[in-house]
Amino acid sequence: MSIEEKIDKILEILDDKKERETQMTIDELIEFIQFRYKKSTVYSMVCLGKIPHSKKPLRFDKNEILTWIKNK
């Protein structure tokens, strides 16, 4: 493996780690938004498409949530 390929691999790993750090579980989301909503309310909002999220597994991106809060 060349040095360029190794650097590319390291950068890819760092990007993956950074992405995982911005993703939250539902419990992390509830804590992040300072318990403004109950877990059941967040699940309802997910089902209705009223809160940004990704599925499989259910995750919430911090930046998308901050934008969503600002626009509410």
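A salt bridge is counted where a side-chain nitrogen of Lys or Arg lies within 4 Å of a carboxyl oxygen of Asp or Glu. By this rule, the count for this predicted model comes to one salt bridge.

**Figure 1. Overview of the protein chain in the predicted model**. The protein chain has 72 residues, of which 18% are buried. Its secondary structure comes to four helices and two strands. Read from the N terminus, the elements follow the order α-β-α-α-β-α. Helix α1 takes in residues 3-22, and strand β1 takes in residues 23-24. Helices α2 (26-32) and α3 (39-47) have a loop between them. Strand β2 (60-61) comes after a further loop, which lies between α3 and β2. Helix α4 is formed by residues 62-71.

**Figure 2. The salt bridge between Lys 39 and Asp 27**. The closest N and O atoms of Lys 39 and Asp 27 are 3.1 Å apart. Because this distance falls within the 4 Å limit, the pair qualifies as a salt bridge. The contact links distant parts of the chain, with Lys 39 in helix α3 and Asp 27 in helix α2, twelve residues apart. Lys 39 has a relative accessibility of 35% and so counts as partly exposed. Asp 27, at 46% relative accessibility, also counts as partly exposed.

**Figure 3. The aromatic pair of Tyr 37 and Trp 68**. One aromatic pair is found in a search of the whole structure. The ring centres of Tyr 37 and Trp 68 are 6.4 Å apart, and the ring planes stand at 50°, so the pair is classed as tilted. The two residues belong to distant parts of the chain, 31 residues apart: Tyr 37 is in the loop between α2 and α3, whereas Trp 68 is in helix α4. Is Trp 68 buried or exposed? With a relative accessible area of 14%, Trp 68 is buried, because buried means under 20%. Tyr 37, by contrast, is partly exposed, with a relative accessible area of 24%.

**Figure 4. Positive phi values in the loop between α2 and α3, at Gln 34 and Phe 35**. Gln 34 lies in the loop between α2 and α3, and its phi is near 55°, a positive value in a residue other than glycine. Phe 35 is found in the loop between α2 and α3 as well. For Phe 35, phi is near 60°, again a positive value in a residue other than glycine. Gln 34 is exposed, with a relative accessible area of 60%. Phe 35 is likewise exposed, with a relative accessible area of 61%.

**Figure 5. The cis peptide bond between Lys 56 and Pro 57**. Lys 56 and Pro 57 are joined by a cis peptide bond, for which omega is about -10°. Where is Pro 57 placed? Pro 57 is in the loop between α3 and β2.

**Figure 6. The negative surface patch that includes Glu 5**. Glu 4, Glu 5, Asp 8 and Glu 12 form a negative surface patch. Of these residues, Glu 5 is shown here in its place in helix α1. The relative accessibility of Glu 5 is 45%, so Glu 5 counts as partly exposed.

**Figure 7. Two pairs of residues separated along the chain, Gln 23 with His 53 and Val 46 with Leu 58**. Gln 23 is found in strand β1 and is partly exposed, with a relative accessible area of 22%. Gln 23 and His 53 are 30 residues apart along the chain, and their C-alpha atoms are separated by 9.5 Å. Val 46 has its place in helix α3. At 11% relative accessibility, Val 46 counts as buried. From Val 46 to Leu 58 there are twelve residues in sequence, and the C-alpha to C-alpha distance is 9.3 Å.

Methods. Residues numbered from 1 in each chain as written. Predicted model: local features only at pLDDT ≥ 70, side-chain atom pairs only at ≥ 80, totals over all residues. Heavy atoms only, no water. Patch = residues over 30% accessible without salt bridge, like charges linked within 9 Å, V, L, I, M, F, W, Y side chains within 5 Å. Areas by Shrake-Rupley, 256 points an atom, 1.4 Å probe, with all protein chains shown as cover. Lys, Arg positive; Asp, Glu negative; His and termini not counted. Charge placed at Lys NZ, Arg CZ, Asp CG, Glu CD. Buried < 20%, exposed > 50% of the residue type's maximum accessible area, 1.4 Å probe, protein only. Phe/Tyr/Trp six-rings, centres within 6.5 Å; stacked < 30°, edge-to-face > 60°.
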